[in-house]
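Dear colleague,

I am passing on the structure we spoke about, with the sequence and coordinates placed just below. My notes on it follow, and I would be glad if you could read them with the model open beside you.

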Amino acid sequence: MNLFNVYPLFNINPVKAKGSFLWDDKGEKYLDFYGGHAVISIGHNHPYYQEKLRDQLEKISFYSNSVQNELQTELASKLGEISGYEDYDLFLCNSGAEANENALKLASFHNGKSKVLYFSGSFHGRTSAAVSVTDNPKIVAPVNYSERFIKSEWNNVEQLEEVFRTQGDSISSVIIEGIQGVGGIMIPTPEFLSRIKELCDQYNAILILDEVQSGYGRTGYFFAHQEFGIQPDIITTAKGMGNGFPIGGVLIHPKFEASHGLLGTTFGGNHLACAAAIAVLDVIRDESLIDNAEHMGSYIEKEIEDLPHIISIRRKGLMIGIELDRDCAEVRKSLLYDHHIFTGNSNDKTVLRILPALNIRKEETNLFIDALREVLTKL
Ligand SMILES: Cc1ncc(COP(=O)(O)O)c(C=O)c1O
């Protein structure tokens, strides 16, 4: 059997990882400045994370959601504490798309309405409703398309108001990323976010903040939206939550009423996934990684802002978009093959996306800064 060929692959085969470094099968060392799409939050194979997972493996790794699981309650309690959303409930699942799928469904169960408003440049995942609110026609199959999903322009308050004026009564929810990642590190204006919140309240629509990429301390706040002082009804999370172990979560305002069977999943919240997610939160707290994200992010920004061919830098914490005056593909390739540094791209071909682990060290950021300087100077 062959693999279904959907991923363009670099010709690199990593077999070992530690902190912010990877090693391939030939023993070559690479700096990970992308964290496998923002997934590696506390660094590869953090010793505390390894210990917690090993311990759990010795005890029990899985049973279904039909029994008590104290790890789930410990995770919920720690997540509430670190995020400040102590009065919210947590539903555990396996991925970002699944978290968004459940959020959209929950909103619709709650208010009985069926339309969803999303924004240009969005990415919310590849499952049914999640892909329908993703602004990329290439990945939306005919079966996913429906006029119930309404697109409005990013950061455009006037258009937002017009959509609510004409269709507000049938809008069940609005879904928005804390910061658009796949869209090219696009930061919402405070006016845009607060107007969305006001209109949601006015029209009895649910505000869903997708923090799958921008959450978990990456932006110097636990959730990116917390910088703007708005409070969503539902928050979704995944990527950095398990540091590579698949887990997603939906944080749910107390006004939502749970009932048995309303949501569900076979694997979500299993013992191993919870052990991984608890270890991540412990390390974020104990090693002050939210502060480190902002500290290291601002250092990188200052060091690279005057380099040639950079048009602008969009950044919060360690969520960094470097806009170049050209397609960033050649720059990425040179960083990877000449300097052994992984970086990311985005739907905006000119934007180099940087998402390193939150515990990246200054000497590691300097490797990236020096390499980028050399590559951009040679262009
Ligand atoms: C903002 C956002 N939401 C949702 C998803 C989907 O997450 P997953 O790939 O875990 O389904 C992603 C993945 O890139 C994302 O960036």
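A residue to begin with is L209, which is found in strand β8 (residues 206-210); please keep in mind throughout that this is a predicted model. L209 has 29 C-beta neighbours inside 10 Å and therefore counts as buried, the threshold being 20 or more. Leaving aside neighbours within four places in sequence, L209 is in contact with I176, G178, F223, H225, P232 and I235. As a longer-range reference, L209 and K316 are 107 residues apart in sequence, and their C-alpha atoms are 17 Å apart in space.

On the overall division of the chain, the domain assignment gives domain 1 (14-46 + 288-378) and domain 2 (47-286), and the C-alpha centres of these two domains lie 26 Å apart. The contact between them takes 26 residues from domain 1 and 28 residues from domain 2. On the side of domain 1 that touches domain 2, at least two residues each are supplied by α1 (35-38), α9 (289-304), β11 (310-316), β12 (319-324) and β14 (351-354), and the largest share, five residues, comes from α9. By class, that side of domain 1 has 12 nonpolar, nine polar and five charged residues.

Next, the nonpolar interior. The largest nonpolar core has 106 residues, and those with the most contacts inside it are V174, I208, I234, A276, A277 and V280. Helix α8 (residues 271-286) provides the largest share of this core, with 12 residues. Where does this core lie with respect to the two domains? Domain 1 and domain 2 both give residues to the core, so it lies between them.

Helix α8 seems worth following in some detail. Its 16 residues, at 1.5 Å a residue, should span 22 Å, and the end C-alpha atoms are 22 Å apart, which agrees with that expectation. The helix is mostly covered, in that 12 of its 16 residues are buried; among them are L272, C274, I278, L281, V283 and I284, as well as A276, A277 and V280. The buried residues of α8 pack against α2 (47-59), α3 (70-83) and α9. For A277 in particular, the residues touched, not counting those up to four places away in sequence, are L75, M241, G242 and I247. After the helix comes S288, whose phi is positive, near 45°.

A contrast to these covered positions is offered by R54, which lies in helix α2. R54 has 10 C-beta neighbours inside 10 Å and so counts as exposed, for which the limit is 12 or fewer. The C-alpha atoms of R54 and A276 are separated by 10.0 Å, although these residues are 222 residues apart along the chain.

Finally, the ligand. It is surrounded by 15 residues, of which the closest are S95, G96, A97, G125 and V212. Which helix gives the most to this shell? Helix α4 (residues 96-111) does, with three residues. The residues of the shell divide into five nonpolar, eight polar and two charged.

With best regards

Key: Residues numbered from 1 in each chain as written. Predicted model: local features only at pLDDT ≥ 70, side-chain atom pairs only at ≥ 80, totals over all residues. Core = buried A, V, L, I, M, F, W, Y, C linked by C-beta atoms within 7 Å. Helix = DSSP H or I, 4+ residues; strand = E, 2+ residues; numbered from the N terminus. Domains from an automatic or database assignment. Contact = placed C-beta atoms within 7 Å. Near = placed C-beta within 6 Å. Nonpolar A, V, L, I, M, F, W, Y, C, P; charged D, E, K, R; others polar. Expected span 1.5 Å × (residues − 1).
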